[in-house]
2 protein chains.
Amino acid sequence: MVGGGSAKQPKYQRIAEALKASVHSGEYRPGDRLPGENDLMDTYGVARMTARQALGVLQSEGIAEARKGAGVFVRDFRPVRRRGIQRLAADRWGAGQSIWSADIDSRELLVDHVTVTHQPAPAPVAAILGLDPDDTVCVRTRRFVLDGKPVLLSTSYLPADLVAGSPITREDTGPGGTYARLAELGAKPVHFREEIRSRMPTSTEADDLKLPAGTPVILVCRTAFTDDGRPVEVNEMTLDAASYILEYDFDA
Amino acid sequence: MVGGGSAKQPKYQRIAEALKASVHSGEYRPGDRLPGENDLMDTYGVARMTARQALGVLQSEGIAEARKGAGVFVRDFRPVRRRGIQRLAADRWGAGQSIWSADIDSRELLVDHVTVTHQPAPAPVAAILGLDPDDTVCVRTRRFVLDGKPVLLSTSYLPADLVAGSPITREDTGPGGTYARLAELGAKPVHFREEIRSRMPTSTEADDLKLPAGTPVILVCRTAFTDDGRPVEVNEMTLDAASYILEYDFDA
DNA sequence: AAGTGGTCTAGACCACATC
DNA sequence: ATGTGGTCTAGACCACTTG
């Protein structure tokens, strides 16, 4: 090492901290371009890989986002609020409204892509729905976009014999959506369980959601039950964690 | 390039995918050591930095965990289930039980460290509690450990004038915890709101929770309301995402 | 003592975005 | 055309863990 660089802390961390301080102080605002690899090499007298490492810290913490050929930019965080309980109140979807319309604050959440297929039930889904592993399920997948960016992947599983012949097996389920149709089939969902996890995305998920590095996904697995406790739907959702705040309101 | 390596995919991604496949196929089980940098350099004929990059993919996806001087190991995922609604049922904490005891599946969740201080209310907390920014709040911080590993940081804010003189200002709040004491003070919490987000941890959080690279945190912000709608507590929790599944049960 | 991952250098070529 | 980040090499020294 040339100079008297003394601190026990790695160089790239010191550089990363200086950058983070500049971001938090407001010197760089969301959307601004940060100093690039070449700038950092000059400013701090380090090799390219070390400058890269420093910028990598900010990306892996979700503070910055690299755009190939353009630079590294400060990310903005403008999440949608998703109300997990009110949104599923029966008077909402019972009235013919889409569940999803309750979510948005002026921005539009649109369905990008829909598929409906029939498959043998995956083992964990079969276990929840109380099916045999060779029973078939109706699988509905949807992708939702907000401001042109995909933010939510949804895969819904329903027992094939329950929904056979209903609009649930078509792309457009009609007013009120799947739950209104289930009610018409005598399987009205009245109780819900949502399980929430978070982890880093697989490369496939990062691709589908166009996630920059450093963005986790939130996994929501919802099970819908009828009044006699029968599970009638399992819905696995993958959310861009930077796009969502989940809210649950309840009484003691 | 020496051989006929043709694919458009970067080398480090191909190596990473091969490793991931081996993990998913069960060739390497949780806790097993993966091939190290030197192994990959030999096997694939790449430079050290490329082998590092490949291992970095698995770490940043939360599949593997590096232990300095030892190797890179397959991580195991054994989360605790936290029931967000039942756990706050009044008959639980009303009966003198700790809220946290409902969480565990045989493993023990212990409080590691407790602090109680008084501070001016941080702006966002003041806004939620309806305080002036210069009003003081009682701040209770706790760290919870599971199997010796810290999994949850909790910071609770209460209006200082409300809790003055009560056991809430002491480290040990007594049977039933803070909520039982609030009830005795005529500020019984009956309604709760939990807001959930996820992001990558700051370096401080990663340190406090001893998080390996590639583990996000889940942020739960709970506000407790009395029956007349007055907010009496804001509790900001930071969870190791690899240690928790959150569950919410509710009716339509 | 040997092997491991962590950090760092000093080069290089490429695809891509912006101008 | 220039500059950007993305990938890659071939070395090096260090701190750490394990046998």
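In this predicted model, the axes of α1(A) and α3(A) come within 8 Å and cross at roughly 50°. Axes here are lines fitted to C-alpha atoms, for helices over the stretch in contact, with angles running from 0 to 180 degrees between N-to-C directions; helices (H or I, at least four residues) and strands (E, at least two) are DSSP runs numbered from the N terminus. The two helices α1(A) and α3(A) are therefore oblique to each other, given that angles under 35 degrees count as roughly parallel, over 145 as roughly antiparallel, 65 to 115 as roughly perpendicular and the rest as oblique. Their crossing is right-handed, the near helix being turned clockwise from the far one by less than a right angle (anticlockwise would be left-handed). On the α1(A) side, the contact (heavy atoms within 4.5 Å) is made by Lys11(A), Tyr12(A), Ile15(A), Ala16(A), Leu19(A) and Lys20(A), and on the α3(A) side by Thr50(A), Gln53(A), Ala54(A), Leu55(A), Val57(A) and Leu58(A). By class, these residues comprise 8 nonpolar, 2 polar and 2 charged, where Ala, Val, Leu, Ile, Met, Phe, Trp, Tyr, Cys and Pro count as nonpolar, Asp, Glu, Lys and Arg as charged, and the others, Gly among them, as polar.

In chain B, the axes of α2(B) and α3(B) come within 9 Å and cross at roughly 110°. That angle makes α2(B) roughly perpendicular to α3(B), and the crossing is again described as right-handed. Here Glu37(B), Asn38(B), Leu40(B) and Met41(B) of α2(B) meet Arg48(B), Ala51(B), Arg52(B) and Leu55(B) of α3(B). The residues of this contact divide into 4 nonpolar, 1 polar and 3 charged.

Attention now turns to the DNA. Around DNA strand C there are 24 residues, of which Lys11(A), Tyr12(A), Thr50(A), Asn38(B) and Arg52(B) come nearest; a residue is near a strand if one of its heavy atoms lies within 4 Å of it. Of the atoms of DNA strand C that come within 4 Å of the protein, 78% belong to sugar and phosphate. Among the polar contacts (pairs of N or O atoms within 3.5 Å; within protein, one must be able to donate a hydrogen and the other to accept it, and residues adjacent in sequence count only if both atoms are side-chain atoms), a polar side-chain atom of Arg52(B) lies 3.3 Å from a phosphate oxygen of DNA strand C. A backbone N or O atom of Glu37(B) is 3.0 Å from a phosphate oxygen of this strand, whereas one of Gly69(B) lies 2.9 Å from a base nitrogen. The largest share of the surface near DNA strand C, 4 residues, comes from α3(A).

For DNA strand D, 24 residues again form the surroundings, with Asn38(A), Lys11(B), Tyr12(B), Ala47(B) and Thr50(B) nearest. Sugar and phosphate supply 76% of the atoms of this strand within 4 Å of the protein. A backbone N or O atom of Lys11(B) lies 2.6 Å from a phosphate oxygen of DNA strand D, and one of Gly69(A) lies 3.0 Å from a base nitrogen. In this case α3(B) gives the largest share of the surface, 4 residues. The surface near DNA strand D has 10 nonpolar, 7 polar and 7 charged residues.

Residues are numbered from 1 along each chain as its sequence is written, and chains are lettered from A and ligands numbered from 1 in the order in which they are written. Local features need pLDDT of at least 70 and side-chain atom pairs count only at pLDDT 80 or more, while totals for chains, interfaces and linings use all residues; side-chain values use heavy atoms, with hydrogens and water left out.
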